[in-house]
Amino acid sequence: MTDTRRRVKLYALNADRQWDDRGTGHVSSAYVDRLKAISLLVRAESDGSLLLESKIQPDTAYQKQQDTLIVWSEGDNFDLALSFQEKAGCDEIWEKICQVQGKDPSVEITQDIVEESEDERFDDMSDSAPPIELPSCELSRLEDISELISNCLSSPMRKEKLAAAIESEGYIKKLLNLFHMCEDLENFDGLHHLYDIFKNIFLLNKNALFEVMFGDDVIFDVVGCLEYDPSCLTRKKHREYLKQQAKFKEAIPIRNTELLSKIHQTFRVQYIQDVVLPTPSVFEDNMLTTLSSFIFFNKVEIVSLVQEDEKFLTELFQMLTEPNTTDGKRRDLVLFLKEFCNYSQNLQPQAKETFYKTLTNLGILSALEITLAMDDQKTKTASIDILTYIVEYSPSFVREYTLQQANNTDEDQILLNIVIEQMICDTDPELGGAVQLMGVLRLLLDPENMLAQVNKSEKTDFLNFFYKHSVLILIDFFCSDPLLKNTAHGEPQKEDYQTVQLLGLILELLSFCVEHHTYHIKNCILNKDLLRRILVLMKSTHKFLVLCALRFMRKLIALKDEFYNRYIIKGNLFAPVVDAFVRNNGRYNLLDSAIIEMFEFIKLEDIKTLCSHVVENYGKSLDDIGYVQTFKSLKSRYDQHQDKLKDRERNALEGVPSILRNSRYRRDQRQMEEEEEMWFNEDDDFDDNETIVPAGTTDILSKKIDTDLDSIGKIIEKKVENNGPKMNNNSSQKSTVLNNNANSGAQPPSSPAPTENKSALFKRSLVDYEGGDSDEEEDENSEVPKRPRLS
């Protein structure tokens, strides 16, 4: 059987003055060769790994608290604590520490770290200094007692000896007897001294004194002493609040007396720290760390005791989900659960995971489905707090539960849909619940905290579920009641604060979805024409709502998705934005800057479709804006695009044969000769109906060929009428030249049939030049005889 005496939890104090759980294990003390000293060793209970190896320094101050805690500092800002399961184990390790440091195990602190002047250090260094003698506890000596305690606070050694003296002499109960006498006699001077005395006793920061002051028999008297603040004219009625107003309600009877006592004590001590004690000054900020630790460990113990009582929690959840449970009883149960979850925030990750798994297995999420939809505001608010605690720790718990509901639960009963409905239907004018639920939804929908395992993809499954079963509730809020009525006339009709705040929250959530769920949200926006309805809000009198609508459009444009771009262009959806910009009339405000930034983004990212759309449709409205260069630059970018398009068309035409160009009769003579040579160097064996237009020429070019051929045919016919005999001679010679160039032995082509006139004319026109100036140049540069020109 495992030795539970040495079983401990290791804690470290973080920068926020909260204790972090570093793990559970077993502690021992042994000589470590590497450190050449006796050290404290803690090995993990799970795998035996070393959690702590701490050399017991001869000058380190170790402090024993609550019989099961040992606290010390490693360096200046690193505090450690060992919380023992059993008192015997704590005493055993404490004796070892005291043995190394040469101290009596009966002390609760082994050393004092003193940072004082040389004179004070000389006075306090000796352990043999005489103990502090407390004045006799009498009404006439209250002022002396107050002065003595106040003077001891400046020296750690004197604080230690003063605390030991108060504890050994039972001084606290003697002071409380004087308190009763002063109250009975209405001795306000004495009551004011007692206030100072007990306030300074708290600043001694000694756990042994806290144990005495927080006992059930004296705690109210201690609170009573702290009611008589000399700086206040009237007494503060803390005892009346704790006894009468702060009534403890047992949602389910707690049979464990230890648990019941801890709950009462923790509440009262927390009240003393938060309300009764004065706010500590900068110099006193770290003087109540022991009080904070006392509360922390009490809460951890309460959570552990409740978790161990399985019967208690099972009965609680059965009653919470029972249809016959009254609303008042259900409210008390939910408030208990909320406080229970609040205490669990002190647990460390491993213990907290166990805690929430326990609650999930017991059915806390199915219970929340009932309590979230209740009309009672306290119940609903507490339920939202509980859900927030769960989602902030592990959104996967809620996602997994929601996916299990997919096939066996009506859509209106799904937890996720209930959350959305409650957000939309929040009756609070300030929308506190809606804001909190929107934060919950964002955490659930955030892909960054979704798990992706080998056989399981939480991200894919949950997002598919959300966009199939839940997103339409949000979308319908814009596409149906109440916003359909609100935007029926092209402008918001309902402008009350609560409605516009809710619209802003939903727009913020949808903008988040656009940014993080690019694929899933697209169909919703396009099919529901959502952007058009949202942009109606650009006419709202509430500028923050106008900015929310603009932000949504900006998120879409930032994706640079052509589907969205075409949707915006087709719907002319820049119109509401430009109208709002024009209405703003150049005022230097956030709306003006946001709209300009959106157009600047379009320009910088060179989104051509949107750039052209804006300039062509809204150029007249934006050309006069001169206090920024955005719109002029946008126009310049548009002009550059148009010039490039024209150049591209021109280059495309230049690649077409000369006969297809409008300027074919004005071409350079050398270019004409080169093309003529290329023509006759190619194989002449083609079909009669074959067209000589290059492959890939468009239908437009084909129509142009027909037109040009008709015009060329008329020119040639005219020449034939004027020079008939010469045309015949040239024709026969052309036939001879074709035979001479045909190396493959092909037969000369026969005379074209009447139906082939157009093709034949096209072939002839390729060597038909106007004017004969180039004949002499050809004779000089080439030995090959040239074909006679058509005259």
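This is a short tour of a predicted model, from the whole chain to one strand, two helices and a cavity.

**Whole chain**

Start with everything shown. The protein chain has 36 helices and seven strands. Colour by burial next. Of the 791 residues, 44% are buried. Then show the surface. About 42600 Å² is exposed, and carbon and sulfur atoms supply 48% of that area. Contacts also reach along the sequence: among those with a separation of 6 or more, 64% join residues 24 or more positions apart.

**Strand 3 and its partners**

Select residues 37-44. This is strand 3, and six of its eight residues are buried. The strand is mostly covered.

Now add residues 19-32. They form strand 2, which pairs with strand 3 in the antiparallel sense over eight bridges. Pick Y31 to see one position in this pairing. Its bridge partner in strand 3 is I38. Move to the turn. Four residues lie between strand 2 and strand 3 in this hairpin. One to label in the turn is K36, with a positive phi of about 55°.

Turn to the other partner and select residues 50-55. Strand 4 also runs antiparallel to strand 3, and the pairing counts five bridges. Label S39 and K55. S39 stands opposite K55, which is in strand 4. Strand 3 and strand 4 form a hairpin too, with five residues between them. Here G48 is in the turn, and its phi is positive, about 75°.

While you look at the sheet, keep one rule in mind. In a regular strand, side chains alternate between the two faces of the sheet.

**S54**

Stay in strand 4 and centre on S54. Is S54 buried or exposed? The residue is buried, because its relative accessible area is 2%. Show what surrounds S54. Beyond residues up to four places away in sequence, S54 touches S39, L40, W72 and E74. Two of these names belong to the strand you have just left: S39 and L40 fall within residues 37-44 of strand 3.

**Y389**

Jump to residues 377-393, helix 16, and pick Y389. Why does Y389 count as buried? Its relative accessibility is 18%, and the cut-off for buried is under 20%. Now display its contacts. Leaving aside neighbours within four places in sequence, Y389 is in contact with K338, C341, N342, Q345 and Y356. Add S344 and draw a C-alpha to C-alpha distance. The two residues, Y389 and S344, are 9.3 Å apart in space and 45 residues apart in sequence.

**Helix 24**

Select residues 518-528. In helix 24, the buried residues include H520, I521 and K522. C524 and I525 are buried as well. Step past the end of the helix. D529 follows, and its phi is positive, near 50°.

**The second largest cavity**

Finish inside the protein. Rolling a probe the size of a water molecule over the atoms shows where empty space is left. A search of the whole structure finds three cavities of 30 Å³ or more. Go to the second largest, which holds about 60 Å³ of space.

Which residues line the second largest cavity? Select V614, V615, Y618, G619, L622, D623, F631, L634 and K635. Helix 30 (608-622) and helix 31 (630-654) are the elements that give two or more residues to this lining. Helix 30 supplies the largest share, five residues. Colour the lining by type to end the tour: six residues are nonpolar, one is polar and two are charged.

Notes
Residues are numbered from 1 along each chain as its sequence is written. This is a predicted model: local features need pLDDT of at least 70, side-chain atom pairs count only at pLDDT 80 or more; totals for chains, interfaces and linings use all residues. Side-chain values use heavy atoms; hydrogens and water are left out. On a 1 Å grid over the protein atoms alone, a cavity is a set of points where a 1.4 Å probe fits but cannot get out, and a pocket is an open set with protein on both sides within 12 Å along at least five of seven lines; lining residues have an atom within 4 Å of a point. Grid points are joined across faces, edges and corners, and a volume is the space filled by probe spheres set on the points. Ala, Val, Leu, Ile, Met, Phe, Trp, Tyr, Cys and Pro count as nonpolar, Asp, Glu, Lys and Arg as charged, and the others, Gly among them, as polar. Buried means under 20% relative accessible area, exposed over 50%, partly exposed in between (1.4 Å probe, protein chains only). Contact means heavy atoms within 4.5 Å. Accessible areas come from the Shrake-Rupley method with a 1.4 Å probe; for residues, only the protein chains shown count as cover. Two strands pair if DSSP finds at least two bridges between them.
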